[in-house]
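Q: Please take a close look at how the buried residues of individual helices are arranged and covered in this structure, and set that in the context of the whole chain.

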Amino acid sequence: MSEDSVNRVCALFGIRLPLVMGAITPRPQLGAVVSNAGGLGCIEGISSPAKLREQIRSFRTLSDAPFSVNFPLAFGDRALVEARAQVALEEKVPAVITSAGSPKLLTATFQAEGIRVAHVIAEVAHAHKAAEAGVDALIAEPTESGGYRGANEISMMVLIPAVARALPELPLIAAGTVADRAGLVAVTALGAEGVQLGTRLVVTREGAEVFPDYIHQLILAADDTSTMSATGPTRPRVSRPEFAERVLGNSKKRAQMGQVAALIHDVPSVAEVIEELFAGGPVHAQEVAASLQRVAAGNTGK
Ligand SMILES: Cc1cc2nc3c(=O)[nH]c(=O)nc-3n(C[C@H](O)[C@H](O)[C@H](O)COP(=O)(O)O)c2cc1C
């Protein structure tokens with residue numbers, strides 16, 4: 001991603017590609033496919049502590065590669081969050097991603113056991129708090145994404161460069177808005193060193209085994225106006241009720257999904273998604289830069 005051969009996201013997590021799976025499912029099989037393909041698979045840590053332990057152990061029967069457990073800190077009472085964290089500590093998971101809550105809560109506890117900690121932020125002030133808490137990396141979730149985007153709706157175009165400039169010492173991962181190589185090149189150009197994918201990984205062949213069919217239907221049918229912010233403190237992005245009703249018929253169902261759903265029209269395998277994202281790497285960006293230079297050189301200003 002940068003010109004250097006060492007990418008800080010890969011180095012931090014011990015992965016081959018700077019691709020982090022978002023916390024889209026507690027079931028381990030999709031994450032194991034991502035980890036086996038060179039990214040950082042994820043287990044969404046929302047189950048009971050006993051179930052979470054089972055999911056971590058099951059993941060390890062499917063993959064030897066590094067993975068994360070995601071803890072949305074504001075969900076469930078404090079005792080439940082701490083009991084889940086205790087499981088991650090006992091199972092010695094390689095990495096934890098914390099979101100939707102204070103990074104002060106658990107960062108040092110995990111790090112004391114050698115667990116890498118990345119924290120999800122949605123504005124520069126959150127990034128400073130995460131840095132003060134000592135996190136190892138930042139995951140920046142802009143308003144377009146399918147995740148917990150906070151109250152202030154900062155766009156990817158502003159959030160990534162603003163955080164990268166404020167805290168250059170921390171590896172920065174762009175969460176969401178990416179479905180293809182053009183998106184990956186764009187967030188890299190803005191200053192991210194890695195990407196966290198949610199909606200794109202939901203709509204994969206392996207995702208079809210984990211998510212109910214209606215979620216694929218909604219994402220595949222979505223256009224740029226099909227999502228909205230849910231209410232509540234963490235405000236995930238979800239399908240609009242009237243859109244969901246049009247697609248699914250008389251149904252109250254809805255799906256958490258990013259605006260990037262408008263760019264997703266196929267159901268590839270995870271390997272095909274990754275191949276499209278990384279094969280050819282920065283060539284497209286170089287072409288764009290060269291084309292801008294040609295325009296500038298040929299433009300006399302008259
Ligand atoms: C179905 C779904 C569930 C999610 N659940 C969580 C979660 O529990 N914790 C979290 O930090 N992020 C969660 N996210 C956000 C993802 O981790 C990721 O940051 C986001 O999807 C990236 O945006 P994108 O969907 O545009 O790729 C979820 C996203 C989706 C689509």
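A: In this predicted model, the protein chain holds 13 helices and 10 strands, and two of the helices, α10 and α12, can be followed in detail.

Helix α10 spans residues 213-221, and its buried residues are I215, L218 and I219. These residues cover an arc of only 95° around the axis, which means that they lie on the same side of α10. Among the elements that cover the buried residues of α10 are α9 (199-202), β10 (237-239) and α11 (241-248).

Helix α12, which runs over residues 270-278, has V270, V273, I274 and L277 as its buried residues. Here too the arc around the axis is only 95°, so the buried residues sit on the same side of α12. The cover over the buried residues of α12 includes β1 (19-21), α2 (28-36), α8 (181-190) and α9. Helix α9 is thus named in the cover of α10 and also in that of α12.

As for the chain that surrounds these helices, 49% of its 302 residues count as buried, and of the contacts between residues at least 6 apart in sequence, 62% join residues at least 24 apart. The C-alpha atoms fill a box of roughly 70 × 50 × 35 Å, taken along the principal axes. The radius of gyration of the protein chain is 19 Å, which agrees with the value near 19 Å that a compact globule of 302 residues would have.

Definitions and conventions
Residues numbered from 1 in each chain as written. Predicted model: local features only at pLDDT ≥ 70, side-chain atom pairs only at ≥ 80, totals over all residues. Buried ≥ 20, exposed ≤ 12 C-beta atoms within 10 Å, placed from the backbone. Helix = DSSP H or I, 4+ residues; strand = E, 2+ residues; numbered from the N terminus. Arc of directions from axis to C-beta. Contact = placed C-beta atoms within 7 Å. Rg over C-alpha atoms; globule rule 2.2 N^0.38 Å.
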